[in-house]
Amino acid sequence: MNAPNDLAMKNEDVLRFELEVFKHEHRDLDQAIEALVEKGTADQLTIRRLKKQKLQLKDKIALIEDRLLPDIIA
């Protein structure tokens with residue numbers, strides 16, 4: 001069992017904190033990608049890697065948001 005990454009084992013406060021950290025990192029990556037593209041000096045591999053990191057953060061954010069706000073069908 002991978003306890004540090006198991007969302008079920010973390011309390012709501014920890015999840016909310018992690019959510020804010022991941023959202024901040026996601027925004028930072030977005031700004032970094034935009035700056036590299038505008039500057040035109042970055043190679044495509046670097047930009048692709050940053051976009052992949054950004055996508056991984058987006059997936060983590062979605063998982064945490066689903067955990068904090070589960071879909072309830074009434």
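What follows is a short exchange about a predicted model, centred on Glu18, Thr46 and helix H1.

Colleague: Why is Glu18 called buried?
Modeller: Its relative accessibility is 19%. Buried means under 20%, so Glu18 counts as buried.

Colleague: What makes the link between Glu18 and Lys10 a polar contact?
Modeller: Their side chains come to 2.9 Å. The cut-off is 3.5 Å between N or O atoms. Leaving aside neighbours within four places in sequence, Glu18 is in contact with Lys10 and Ile64.

Colleague: Where does Glu18 sit, and which residues of H1 are buried?
Modeller: Glu18 is in helix H1, residues 12–39. The buried residues of H1 are Leu15, Glu18, Leu19, Phe22, Leu29 and Ile33. They pack against H2.

Colleague: How do you know that the span of H1 is close to the expected one?
Modeller: H1 has 28 residues and reaches 40 Å from first C-alpha to last. At 1.5 Å a residue, 40 Å is expected.

Colleague: What is found at the start of H1, and what just after H1?
Modeller: At the start, a side-chain oxygen of Asn11 reaches to within 3.1 Å of the backbone nitrogen of Asp13. Just after H1, Gly40 takes a positive phi of about 75 degrees.

Colleague: Why is Thr46 called partly exposed?
Modeller: Thr46 lies in helix H2, residues 44–68. Its relative accessibility is 32%. Partly exposed runs between the 20% and 50% cut-offs, so Thr46 counts as partly exposed.

Colleague: Which side chain does Thr46 join in a polar contact?
Modeller: That of Asp43, at 2.7 Å. The limit is 3.5 Å.

Conventions: Residues are numbered from 1 along each chain as its sequence is written. This is a predicted model: local features need pLDDT of at least 70, side-chain atom pairs count only at pLDDT 80 or more; totals for chains, interfaces and linings use all residues. Side-chain values use heavy atoms; hydrogens and water are left out. Helices (H or I, at least four residues) and strands (E, at least two) are DSSP runs, numbered from the N terminus. Buried means under 20% relative accessible area, exposed over 50%, partly exposed in between (1.4 Å probe, protein chains only). A polar contact is a pair of N or O atoms within 3.5 Å; within protein, one must be able to donate a hydrogen and the other to accept it, and residues adjacent in sequence count only if both atoms are side-chain atoms. Contact means heavy atoms within 4.5 Å. The expected span of a helix is 1.5 Å times one less than its number of residues.
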